[in-house]
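Colleague: Before I use this model, I would like to go through it point by point. Please state the cut-offs as they come up.

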Amino acid sequence: MKKWVSFLLIFFAFSFSTKVASESPKGNELQEEILHDLAIREMYPIMSQALDKQYGPNHQIGLQCQKILEIRKVDPGSFYFEVTMEGMTFKGAHNPPNVILTAKMSNYNDAGKWVIKEYSIKEIPANYECRKPV
């Protein structure tokens with residue numbers, strides 16, 4: 001009886017750990033997800049500037065569900081980039097305005113500082129999915 005119970009416990013332990021491992025990203029895919037999270041973290045203050053432009057400096061509006069849509073190197077061999085990022089806005093405890101803010105940012109300028117080149121606001125599509133950080 002003890003052997004049978006031990007076998008069942010081991011079987012369930014392996015089946016659970018295999019399922020969890022298969023759902024998490026591996027190798028290069030994990031590295032890309034981590035780099036994605038890093039880019040979002042570094043670009044968030046610049047995205048906040050777009051919120052300031054749209055809603056004013058005391059807006060108290062935050063972003064969730066941020067994702068990098070595109071990263072483009074402006075000049076090969078340099079460290080100049082254009083980044084397009086989007087996020088869903090919320091106020092307070094995730095109250096409206098719930099819209100998608102998309103901003104294109106670049107550090108291709110004389111100072112090499114990140115600036116917003118353009119931004120836009122659009123309604124949230126019904127099938128919008130949030131990207132979860134790693």
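Colleague: In which element does C65 lie?

Modeller: This is a predicted model, in which local features need pLDDT of at least 70, side-chain atom pairs count only at pLDDT 80 or more, and totals for chains, interfaces and linings use all residues. Residues are numbered from 1 along each chain as its sequence is written, and side-chain values use heavy atoms, with hydrogens and water left out. Elements are DSSP runs numbered from the N terminus, helices being H or I with at least four residues and strands E with at least two. On that basis C65 lies in strand 1.

Colleague: Is C65 buried or exposed?

Modeller: Buried means under 20% relative accessible area, exposed over 50%, and partly exposed in between, with a 1.4 Å probe and protein chains only. C65 has a relative accessible area of 11%, so it counts as buried.

Colleague: What is the phi of C65?

Modeller: Most residues other than glycine have a negative phi. C65 is not a glycine, yet its phi is positive, at about 60°.

Colleague: Q60 also has a positive phi. Where is Q60, and is it buried or exposed?

Modeller: Q60 is not a glycine either, and its phi is about 55°. It sits in the loop between helix 2 and strand 1. Its relative accessibility is 67%, so Q60 counts as exposed.

Colleague: In what order do the elements of the protein run?

Modeller: The protein has 2 helices and 4 strands. From the N terminus on, they run α-α-β-β-β-β.

Colleague: Which strands are the edges of the sheet?

Modeller: Two strands pair if DSSP finds at least two bridges between them. The sheet is open and has 4 strands in the order 1-2-3-4, with antiparallel pairing. Each edge strand pairs on one side only, and these are strand 1 (61-73) and strand 4 (115-123).

Colleague: By how much are neighbouring strands of this sheet turned against each other?

Modeller: Axes are lines fitted to C-alpha atoms, for helices over the stretch in contact, and angles run from 0 to 180 degrees between N-to-C directions. With direction ignored, the average turn between neighbouring strands of this sheet is 20°.

Colleague: How many bridges join strand 3 to strand 4?

Modeller: Strand 3 (residues 99-106) runs antiparallel to strand 2, and 7 bridges join the two. In that pairing E82 stands opposite S106, and M85 stands opposite A103. On the other pairing, I100 of strand 3 stands opposite K122 in strand 4. Strand 3 and strand 4 also run antiparallel, and the number of bridges joining them is 8.

Colleague: How many residues of strand 3 are buried?

Modeller: Across the 134 residues in the protein, 29% are buried. Strand 3 is mostly covered, the buried count among its 8 residues being 7.

Colleague: At what angle does helix 2 run to strand 1?

Modeller: Helix 2 lies across strand 1, strand 2, strand 3 and strand 4. Its angle to strand 1 is about 115°.

Colleague: What is the relative accessible area of G87?

Modeller: G87 is found in strand 2. Contact means heavy atoms within 4.5 Å, and beyond its neighbours within four places in sequence G87 is in contact with M47, L63, Q64, C65, Q66, V99, I100 and L101. G87 and L63 are 24 residues apart in sequence but 5.6 Å apart in space, C-alpha to C-alpha. G87 is buried, and its relative accessible area is 0%.

Colleague: And what is the relative accessible area of T84?

Modeller: T84 has its place in strand 2. Not counting residues up to four places away in sequence, it touches K67, I68, L69, E70, T102, A103 and K104. T84 is buried, with a relative accessible area of 13%.

Colleague: Which element gives the largest share of the lining of the largest pocket?

Modeller: A pocket is an open set of points on a 1 Å grid over the protein atoms alone, where a 1.4 Å probe fits, with protein on both sides within 12 Å along at least five of seven lines; lining residues have an atom within 4 Å of a point. The lining of the largest pocket consists of L38, A39, E42, M43, I71, F81, V83 and W114. Two or more of these come from helix 2 (27-55) and from strand 2 (81-91). The largest share, 4 residues, comes from helix 2.

Colleague: What is the volume of the largest pocket?

Modeller: A volume is the space filled by probe spheres set on the grid points, which are joined across faces, edges and corners. For the largest pocket the volume is about 150 Å³.
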